[in-house]
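Subject: Structure handover

Hello,

Here is the structure for your files. My notes on it follow below.

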Amino acid sequence: MARFLVKDDDLVVRLSWREKAAAHRGSVRVPLTAVRRVTVESDWWRVLRGVALHGVWMPDVLSAGTRGHVGGQDFVVLRPGRPVVCVELRPTAPFGLLAVSVRGDAQATAERLRRSAPDIDESTAWRQPLPVAEETEDSWRELDMYRKH
């Protein structure tokens with residue numbers, strides 16, 4: 001099962017070999033300085049945003065991989081029935097959000113990550129919404145562009 005690790009000055013999402021195969025990638029590594037906010041979501045489906053780009057999306061079993069949306073991309077490894085630790089990242093990071101279903105105490109995992117990150121935004125305890133793009137005639141074509149990469 002995927003888990004968050006802090007190694008040196010990086011936050012690492014370590015995946016099991018099955019999750020690596022499902023997500024079509026290896027572990028994810030971002031600098032701790034890129035961590036903006038850490039929250040816990042009890043409902044896994046609330047974490048999903050945008051469209052599936054790479055990975056496996058099996059409802060009620062496993063959602064693992066990269067999702068694209070107007071704000072960039074998210075990396076998720078979600079299992080129904082488990083709480084999700086959501087790590088919002090700054091714009092310099094390759095993803096806008098890392099979301100991982102965790103075993104055990106999700107609040108304790110989130111608190112450990114908050115203590116490890118040097119510059120956490122504590123202005124709110126909730127995940128921030130995506131910016132809403134102006135809808136144009138080409139909006140859906142632009143969104144479809146994410147699927148082809």
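Setting aside neighbours within four places in sequence, Phe95 makes contact with Arg25, Val28, Thr66, Gln73, Asp74, Phe75, Leu89 and Arg90. Please keep in mind that this is a predicted model.

Phe95 sits in the loop between β8 (84-89) and β9 (97-101). Its relative accessible area is 6%, and because the cut-off for buried is under 20%, Phe95 counts as buried. One of its contacts is Thr66; the two residues are 29 apart along the chain, and their C-alpha atoms are separated by 8.9 Å.

As for the chain overall, it has 149 residues, of which 39% are buried. It contains three helices and nine strands, arranged along the sequence as β-β-α-β-β-β-β-β-β-β-α-α. If we take contacts between residues at least 6 apart in sequence, 53% of them join residues at least 24 apart. The protein chain exposes about 8,500 Å², with 50% of that supplied by carbon and sulfur atoms.

On the surface, Arg3, Lys7, Arg14 and Lys20 form a positive patch. Of these residues, Arg14 belongs to strand β2 (residues 10-14). Why does Arg14 qualify by accessible area for a patch? Patch residues need over 30% relative accessible area, and Arg14 has 31%, so Arg14 passes that cut-off. With that value, Arg14 is classed as partly exposed, whereas Phe95 is classed as buried.

Regards

How values were computed: Residues are numbered from 1 along each chain as its sequence is written. This is a predicted model: local features need pLDDT of at least 70, side-chain atom pairs count only at pLDDT 80 or more; totals for chains, interfaces and linings use all residues. Side-chain values use heavy atoms; hydrogens and water are left out. Patches are made of residues with over 30% relative accessible area and no salt bridge: like charges are joined within 9 Å, nonpolar side chains (Val, Leu, Ile, Met, Phe, Trp, Tyr) within 5 Å. Accessible areas come from the Shrake-Rupley method with a 1.4 Å probe; for residues, only the protein chains shown count as cover. A salt bridge is a side-chain nitrogen of Lys or Arg within 4 Å of a carboxyl oxygen of Asp or Glu. Lys and Arg count as positive and Asp and Glu as negative; His and the chain ends are not counted. The place of a charge is taken as NZ of Lys, CZ of Arg, CG of Asp or CD of Glu. Helices (H or I, at least four residues) and strands (E, at least two) are DSSP runs, numbered from the N terminus. Buried means under 20% relative accessible area, exposed over 50%, partly exposed in between (1.4 Å probe, protein chains only). Contact means heavy atoms within 4.5 Å.
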